[in-house]
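Hi,

Here is the structure I promised to pass on. Have a look at it first, and then read on for what turned up when I went through it.

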Amino acid sequence: MIVVTGGTGLVGAHLLYELLCHTHAPIRALCRRKDTSLLERLFQTYAPSLADLLSRIEWVEADILDIPALEAALQGATLVYHCAAKVSFATEDASLLLKTNIEGTANVVNVALHHGVKKLCYVSSIATFALPKAGEAISEETPQEPNRERGNEYALSKYSAEMEVWRGVQEGLPAVVVYPSVIIGVGVETHPAMKVQKLCHSPYVTGGGTGFVAALDVAKAMRLLMESPIENQGFILNGTDLSYAQFFELLRQSHPLLPKKKCLSPTTLRLLYYAEAFLWLFGRKRMLTNKLLHTLQHQSRYDGAKITQVLPFSYTPIEKTLEKLSL
Ligand SMILES: NC(=O)c1ccc[n+]([C@@H]2O[C@H](COP(=O)([O-])OP(=O)(O)OC[C@H]3O[C@@H](n4cnc5c(N)ncnc54)[C@H](OP(=O)(O)O)[C@@H]3O)[C@@H](O)[C@H]2O)c1
């Protein structure tokens, strides 16, 4: 029995799609509230004739913070993909972020150990790595340093959750960990943390850049890793590094009605940061942390080659995914 946590989310839905299309094993998806809309959209987009496969999934309601529910939901599990997490960069979400991601992952690990699960796949993040020396790309050899800047509770929560996975490995639970860069896939348009519609329709862009990877590639890499004898290793998943300006120009090729972007200067960004801090006094949610301000202006580079050297896996050009987005 394959069990997937977070099956309603961006990664979880792409993974369920991948598993339905490439495995015959029974699949159980954990959710807090059953919502198959994203998964249905994936089949509509990529394989409408295979939509019947959806009925193979057994949906089970279980919050990862609810240990008895998790105990029942993982009964009979052999492979567990842990995709459930709180993903947010809002300072107000910090405590829920830390609780869901760290305690929730500890629960998944403990229950998986209890049920003798054969292998766990955990979705960590590139946010857990330290900044490399100028000009260097982050790789699996780069030290992890989630506290590199104050105010990045997301990175801290992902790092601490990952430590729960490595603790599980020490206690006898084989595991693989993936570190995706920014995941682009059908459904990203409404991702609660990404503000994609707003970013795409804004006429402005910031000077930095980052790595991008297709959600279908993330799902495929996870499945191949779980089907392989590889254990207790981590893999960065990154299809390409782009400046934000390059990314939005690529997006405009398939969505010509999106505006051409003007680059925001560091001074303007700093002013926006102070304006938002002021509005926060009146109850507005605050998104622009110091960390985010830095990220928006810094070009990060990631080396996602390791997985291509150990598995029959290659990255899909990001344009192929961008053209499927509804913006
Ligand atoms: N998106 C990216 O670019 C990106 C990049 C790197 C790593 N990651 C990692 O990939 C994983 C999945 O991210 P995503 O983008 O797919 O996020 P997402 O779209 O927000 O999905 C999160 C999933 O987790 C579930 N969840 C949240 N809290 C839960 C709880 N307490 N109990 C049970 N389920 C819970 C959500 O269920 P509900 O439907 O009930 O809310 C949803 O299915 C996360 O670990 C994230 O850190 C994402």
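How many residues surround the ligand, and which are the closest? There are 25 around the ligand, and the closest of them are Thr-8, Val-11, Tyr-154, Lys-158 and His-191. Before you go further with that, keep in mind that this is a predicted model.

**The ligand site**

Let me start with the polar side of the site. Thr-8 has a polar side-chain atom 2.6 Å from an oxygen atom of the ligand. Arg-32 comes in at 2.8 Å, counted from an N or O atom of its side chain to a ligand oxygen. For His-191, the distance from a side-chain N or O atom to an oxygen of the ligand is 2.8 Å. On its own the ligand has 900 Å² of accessible area, and the protein covers 88% of that. Three elements each give two or more residues to the shell: α1 (10-22), α5 (153-170) and β7. By residue class, the shell splits into 14 nonpolar, 8 polar and 3 charged residues.

**Salt bridges**

Side chains of opposite charge can pair when their charged atoms come close. In this model there are 8 salt bridges, and a few of them deserve a closer look.

Take Arg-41 and Glu-189, whose closest N and O atoms are 2.7 Å apart. Arg-41 sits in helix α2 (residues 37-46) while Glu-189 is in the loop between β7 and α6, so this salt bridge ties together parts that are 148 residues apart in sequence. The two ends are not equally covered: Arg-41 is partly exposed, at 24% relative accessible area, whereas Glu-189 is buried, at 5%.

Then there is helix α7, which holds both Glu-227 and Arg-223, 4 residues apart, or about one turn of the helix. Their salt bridge has its closest N and O atoms 3.0 Å apart. Is Arg-223 buried or partly exposed? With a relative accessible area of 8%, Arg-223 is buried, because anything under 20% falls in that class. Its partner Glu-227 is partly exposed at 47%. The pair is not on its own either, since Glu-18 joins Arg-223 and Glu-227 in a network of salt bridges.

Another one links the side chains of Glu-171 and Arg-167, with 3.3 Å from N to O. Arg-167 counts as partly exposed, with 24% relative accessibility.

**Backbone oddities**

Most residues other than glycine have a negative phi. Two residues here are worth checking against that. Lys-195 is not a glycine, yet its phi is positive, at about 55°. You will find Lys-195 in the loop between β7 (182-184) and α6 (196-201), and it is partly exposed, with a relative accessible area of 39%. Asn-232 has a positive phi too, near 55°. Asn-232 belongs to the loop between α7 (215-227) and β10 (233-237) and counts as partly exposed, at 35% relative accessibility.

**Surface and interior**

Which residues make the nonpolar surface patch of about 570 Å²? Phe-278, Leu-279, Trp-280, Leu-281 and Phe-282 make it. Of these, Phe-278 lies in helix α9 (residues 266-280) and is partly exposed, with 48% relative accessible area.

Now for two buried residues. Trp-59, in strand β3 (residues 57-61), is buried at 17% relative accessible area. If you want a distance for orientation, the C-alpha atoms of Trp-59 and Leu-325 are 27 Å apart, with these positions 266 residues apart in sequence numbering. Ser-124 is in the loop between β5 (119-123) and α5, and its relative accessible area of 4% makes it buried. The side chain of Ser-124 also has a polar contact of 2.9 Å with the side chain of Glu-162.

That's the tour. If you only open one view, I'd start with the ligand and Thr-8, whose polar side-chain atom is 2.6 Å from a ligand oxygen, and then turn to Arg-41 and its salt bridge with Glu-189.

Cheers

Key:
Residues numbered from 1 in each chain as written. Predicted model: local features only at pLDDT ≥ 70, side-chain atom pairs only at ≥ 80, totals over all residues. Heavy atoms only, no water. Buried < 20%, exposed > 50% of the residue type's maximum accessible area, 1.4 Å probe, protein only. Salt bridge = Lys/Arg side-chain N within 4 Å of Asp/Glu carboxyl O. Near = heavy atom within 4 Å. Polar contact = N/O pair within 3.5 Å; in protein donor to acceptor, adjacent residues only side chain to side chain. Areas by Shrake-Rupley, 256 points an atom, 1.4 Å probe, with all protein chains shown as cover. Nonpolar A, V, L, I, M, F, W, Y, C, P; charged D, E, K, R; others polar. Patch = residues over 30% accessible without salt bridge, like charges linked within 9 Å, V, L, I, M, F, W, Y side chains within 5 Å.
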